[in-house]
Each structure stands twice: as structure tokens, then as C-alpha cells.
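Work through the exercises below with the sequence and the model in view. Try each task before reading its solution.

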Amino acid sequence: MMDYEVDRRLATRIGKLRQHWRWILEGAGACGAVALLVSLFLPKIYRATTYIMVSESKIGSGSGNTPWQQAALLPTFVPFVDNDALISESLSKFHLNSSPYNLTVDRFRRRGYLDVQIPKSTSLLELNVEFPNAQLAADLANDLARRAVQFNDRMN
């Protein structure tokens with residue numbers, strides 16, 4: 001059973017598209033040009049990623065935890081990296097607390113410069129730092145990871 005009414009409506013729509021093909025192309029070109037201009041004038045943001053491997057303690061005898069128990073404990077290590085004191089020390093070290101950045105720990109957090117995640121099925125902490133300066137982003141990510149490891153060593 002053929003539905004000729006549907007075919008007729010489709011043919012009408014295709015005919016309208018053929019009539020207005022110039023408007024469609026000009027609109028797409030104008031949108032592309034505006035998107036290009038906006039992307040050229042937006043500030044560049046660079047992302048630096050560092051991974052920290054969380055393993056069993058080397059001090060004393062092992063806890064005997066099964067791998068699924070160790071994976072469940074992995075989120076408890078996030079505060080070692082996402083720590084106000086460590087962030088403040090890193091901001092001071094790279095002079096980000098003075099001009100031109102004038103960052104405090106609160107501003108650093110509100111602007112979303114730091115993101116700590118746990119990739120699935122791993123014993124890693126992923127530390128992402130997004131910053132307008134590529135070298136500062138890399139230095140900041142590495143410094144925060146190093147300070148978190150040192151903080152963990154002091155705790156042990």
C-alpha cells in the first residue's frame with residue numbers, strides 16, 4: 001500500500017529547499033564566519049594533566065585488602081590533591097597571588113582551574129589544570145602532584 005500524500009509532501013519540501021539553497025548556504029557561511037571570529041578573539045586556555053598512582057602502603061605489612069576494596073578507598077586520596085593549603089603554597093610559589101593574576105584559593109576554585117578525577121578501573125588520580133599560560137599550567141599541575149605526594153609521605 002503506497003501513501004502518495006507523504007510522497008507529495010516530501011517532494012514539496014525538497015522543492016522549497018531547492019528554491020532557497022542560496023539563503024541556506026549564505027546563512028551557514030555567515031554562522032561559520034562568526035564562529036571563526038569569536039574563536040580568534042577568545043583567550044586561549046591550556047590544559048596540563050598529571051597522573052598520580054595510588055598503591056598499597058610500603059610501610060609495615062600490607063592490609064590484605066582485595067583490589068575492589070582498594071578501588072573503594074581511592075576517593076579518599078582526592079583531598080590530598082584538592083587541598084587548600086597545598087593550592088595556596090603553589091600559588092605563592094609561582095607568584096599567582098600577585099598581579100596580573102591576583103589569585104586566591106577561592107578564586108582558583110571558582111574559576112575551575114583545577115579538576116581532580118579518578119579514571120574508571122585504575123588506581124590513578126588524574127589532576128587537570130587549565131590555565132591561560134601553558135608553561136604555568138604544566139608547572140602548577142606538576143607542583144600540586146609533587147606536594148600531594150609529599151603530604152602523603154608526611155602523613156605516613
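The exercises go from the overall make-up to the sheet, a surface patch and one loop.

This is a predicted model, in which local features need pLDDT of at least 70 and side-chain atom pairs count only at pLDDT 80 or more, while totals for chains, interfaces and linings use all residues. Residues are numbered from 1 along each chain as its sequence is written, and side-chain values use heavy atoms, with hydrogens and water left out.

**Exercise 1.** State how many helices and strands the protein has, and in which pattern they follow.

Solution. Step one: helices (H or I, at least four residues) and strands (E, at least two) are DSSP runs, numbered from the N terminus. Step two: the protein has seven helices and three strands. Step three: along the sequence the pattern reads α-α-β-α-α-α-α-β-β-α.

**Exercise 2.** Describe the sheet and the helix that lies across its strands.

Solution. Step one: the three strands form an open sheet in the order S1-S3-S2, with antiparallel pairing; two strands pair if DSSP finds at least two bridges between them. Step two: strand S1 (46-53) and strand S2 (114-117) are the edge strands, each pairing on one side only. Step three: four bridges join S2 to strand S3 (residues 124-131), and Gln-117 stands opposite Glu-126 in S3. Step four: helix H7 (residues 134-155) lies across S1, S2 and S3, at about 20° to S1. Axes are lines fitted to C-alpha atoms, for helices over the stretch in contact (heavy atoms within 4.5 Å), and angles run from 0 to 180 degrees between N-to-C directions.

**Exercise 3.** Find out whether Leu-37 is buried, partly exposed or exposed.

Solution. Step one: buried means under 20% relative accessible area, exposed over 50%, and partly exposed in between (1.4 Å probe, protein chains only). Step two: Leu-37 counts as partly exposed because its relative accessibility is 47%. Step three: Leu-37 lies in helix H2 (residues 21-41). For the whole protein, 23% of the 156 residues count as buried.

**Exercise 4.** Examine the backbone in the loop between H5 and H6 at His-95, Asn-102 and Pro-100.

Solution. Step one: most residues other than glycine have a negative phi, and most peptide bonds are trans. Step two: His-95 has a positive phi of about 55°, and Asn-102 has a positive phi of about 50°. Step three: His-95 counts as exposed at 55% relative accessibility, whereas Asn-102 is partly exposed at 36%. Step four: the peptide bond from Ser-99 to Pro-100 is cis, with omega near 10°.
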